[in-house]
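Trainee: I would like a close look at one part of this protein, namely its salt bridges. Please go through the pairs one by one and say where the partners sit.

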Amino acid sequence: MSARQRRSRRKETPMLARLRSEWAYLSGALRALKRVKPIARAPNRTWCDLAEDLADRFGDKPALLSDEETLTFRQLDERANRYARWARAEGIGKGDCVALLMPNRPEYLAVWLGIARAGGVTALLNTNLRHDALAHSIRLVSPKLAVVDASLLEAYDTASGLTDPAPETWVLGPVAEDAACNDLGAALDAVSGTRLSASERVDLTIEDLCLYIYTSGTTGLPKAAKLNHYRVLAIMNGFSAAVNARADDRVYVCLPLYHSAGGVLGVGIALSVGGSVLIAERFSAARFWDDVVDNDCTVFQYIGELCRYLLNAPPHPKERAHRLRIVDGNGLRPDIWEAFQARFAIPRILEWYAATEGNAVLFNFDGTVGAIGRIPGWAKSLFSIEVVRFDPLSRAPERNTEGFCSRCEPGETGELIGEVLNDFSKPSQRFDGYASRSETEKKILSGVFRRGDRWFRTGDLVRRDARGYFYFVDRIGDTFRWKGENVSTTEVAGTLSGIPGVLEATVYGVAVPGRDGRAGMAALVVDEDTFDLAGLPAHLERGLPDYARPLFLRFRSRLDTTSTLKQRKLELVEEAYDPGASPDPVFVSDPVAGGFVRLDRDLYDRVQAGEVRL
């Protein structure tokens with residue numbers, strides 16, 4: 001919001017302010033519904049078809065750009081056709097899975113679009129994973145083929161021997177002559193990029209699967225969320241409408257393309273209306289404003305942690321010279337919202353709440369600071385979303401004497417849930433689940449307000465005020481969020497427990513001043529004769545992606561448990577990494593020292609002051 005807009009807002013009467021917020025919500029919601037509702041009326045029209053239409057309309061206009069390559073709309077369409085013909089020649093048919101391990105680049109979109117045209121389903125593997133976690137992700141979806149970028153072949157090989165049967169590996173890029181893989185580049189060069197003929201096309205509907213996108217939940221290792229063609233189009237069209245995207249927009253995406261926020265939502269905002277996308281391989285605070293300004297970006301897709309990184313970075317000469325008209329994303333915390341918007345002269349922030357597999361979608365159309373979204377009273381019938389009272393002991397919604405849940409009063413904190421409906425008049429209420437049926441059922445809450453109803457548990461505690469604004473409070477269960485990624489404490493504890501000398505381990509997230517999310521901390525019981533603290537970082541690097549590795553350690557003689565042998569974490573979380581809170585020795589990961597160092601009062605104070613890089 002500009003200084004002029006802020007001055008204008010301050011002069012508003014309460015009535016005008018209220019009318020403005022109501023209009024912002026009404027116009028935004030109607031735009032989104034107008035773009036999403038027609039999807040159901042054309043069940044045979046998928047993203048595969050829309051991409052062809054866009055190629056015809058926008059031809060040689062840049063669609064996807066990066067430092068390494070650019071694909072126009074026509075080139076994206078032709079490249080996808082090559083992938084479709086290659087996939088068909090390798091036996092991929094309707095419903096067959098292909099795993100994809102590739103860094104952010106325009107080619108990424110061509111891969112899964114082409115596989116979709118062959119009828120296949122692409123599993124978007126997290127490029128941070130290695131060894132067992134990567135192998136688990138591959139096993140979940142039983143792919144016939146794996147497409148691996150040459151730069152990630154070494155990482156892929158850490159898991160390739162752990163899957164049975166192993167998918168046939170195809171590598172894009174230069175590899176050693178004796179490598180046990182197939183040359184995908186040569187195979188693509190051998191097929192045509194022209195439009196698929198009628199005999200080559202697969203009959204697809206919006207109900208057919210398109211993607212598997214992995215999400216960490218409360219059960220440990222990654223889960224593969226199912227995105228059918230309906231959901232892909234609904235995400236692209238709905239969020240594009242919410243942003244009010246135009247063909248002259250250029251969206252900056254530096255989020256991972258293996259997540260839905262960057263790889264479907266972020267790119268879809270622009271592509272679905274003929275706009276362009278600038279793809280960065282990863283986020284860099286140092287080059288962010290150069291990318292945005294030098295490439296005339298008008299939209300930035302964020303997560304809250306990236307906004308904090310930018311705010312904490314030194315001043316950049318271009319940080320107010322941009323053409324951004326809106327930034328959209330989720331997780332922008334109230335404590336930095338106004339400072340971020342003011343320092344960088346951001347005209348408008350669109351904060352929203354959504355999840356890859358979830359069915360609770362909220363938009364903060366009027367920019368109310370700190371809110372993750374709003375559902376006004378007059379619009380409540382359009383969205384089956386509720387906040388129910390939560391029992392922190394059972395970590396489940398409370399049940400009354402009749403066995404039903406109770407809605408929270410305004411201002412009361414509870415769990416956000418969304419009713420599971422396959423009703424095209426309420427397009428956001430679908431829940432298509434995971435590759436694993438058992439994991440799908442774990443997210444369903446039945447008999448919430450009446451017998452037989454089914455609701456999706458978001459796992460998030462929120463509060464809703466009297467005007468329908470929602471505010472995020474915290475995550476439920478054995479996950480916390482760090483560096484924009486969900487971290488499973490179960491997975492981290494399992495990795496720690498497999499390290500020689502570790503007898504017991506419990507993992508939890510702790511708040512660090514000035515940082516979004518929670519940093520990983522582990523309380524350990526170890527055998528002092530066999531445990532090697534100096535060798536711990538190597539074990540953690542082998543078993544966990546960087547965002548999941550504990551930054552703090554606490555060594556104990558025993559871990560407290562409940563009567564049912566569940567580990568008690570509440571006291572550990574409260575004491576966090578304060579070396580004076582208990583007699584237990586506490587250590588912190590020091591990137592300068594290359595390992596863990598003892599945390600004394602002086603070092604603790606420096607961490608609290610933000611003087612230590614974590």
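Mentor: What follows covers the salt bridges, then a few surface residues for contrast. The model is predicted, and the structure holds 41 salt bridges in total.

Take the pair aspartate 208 and lysine 94, whose side chains meet in a salt bridge at 3.3 Å, N to O. Aspartate 208 lies in the loop between α9 (184-189) and β8 (209-215), and lysine 94 in the loop between α5 (73-89) and β3 (97-101), so the pair ties together parts that are 114 residues apart in sequence. The two partners are covered to unlike degrees: aspartate 208 has a relative accessible area of 17% and is buried, because the cut-off for that class is under 20%. Lysine 94, with 46%, is partly exposed.

A second pair is aspartate 294 with lysine 318, at 2.8 Å, N to O. Here aspartate 294 belongs to helix α12 (residues 288-294), while lysine 318 is in the loop between α13 (304-312) and β13 (326-330); the pair therefore ties together parts that are 24 residues apart in sequence. Lysine 318 is partly exposed, its relative accessible area being 25%.

The third pair is arginine 556 and aspartate 560, with 3.9 Å between the closest N and O atoms. The cut-off for a salt bridge is within 4 Å, so this pair counts. Arginine 556 is partly exposed at 22% relative accessibility, and aspartate 560 is partly exposed at 25%. Both residues belong to a network of salt bridges that links Arg554, Arg556, Arg558, Asp560, Glu575 and Asp584.

Some charged residues on the surface are placed in a patch instead. Asp600, Asp602, Asp605 and Glu611 gather there as a patch of negative charge. Residues in such a patch have no salt bridge, by the definition of a patch. Of these, glutamate 611 is in the segment after α19 (601-608) and is exposed, at 55% relative accessibility.

The surface also has a nonpolar patch, formed by Trp23, Leu26, Leu30 and Trp378, with about 460 Å² of accessible area together. Leucine 26, one of its members, is in helix α2 (residues 14-36) and is partly exposed at 31%.

At the covered end of the range is helix α11 (residues 260-271), where 12 of 12 residues are buried. Its buried residues include Ser260, Gly263, Val267 and Leu271.

Technical notes: Residues numbered from 1 in each chain as written. Predicted model: local features only at pLDDT ≥ 70, side-chain atom pairs only at ≥ 80, totals over all residues. Heavy atoms only, no water. Patch = residues over 30% accessible without salt bridge, like charges linked within 9 Å, V, L, I, M, F, W, Y side chains within 5 Å. Areas by Shrake-Rupley, 256 points an atom, 1.4 Å probe, with all protein chains shown as cover. Lys, Arg positive; Asp, Glu negative; His and termini not counted. Charge placed at Lys NZ, Arg CZ, Asp CG, Glu CD. Helix = DSSP H or I, 4+ residues; strand = E, 2+ residues; numbered from the N terminus. Buried < 20%, exposed > 50% of the residue type's maximum accessible area, 1.4 Å probe, protein only.
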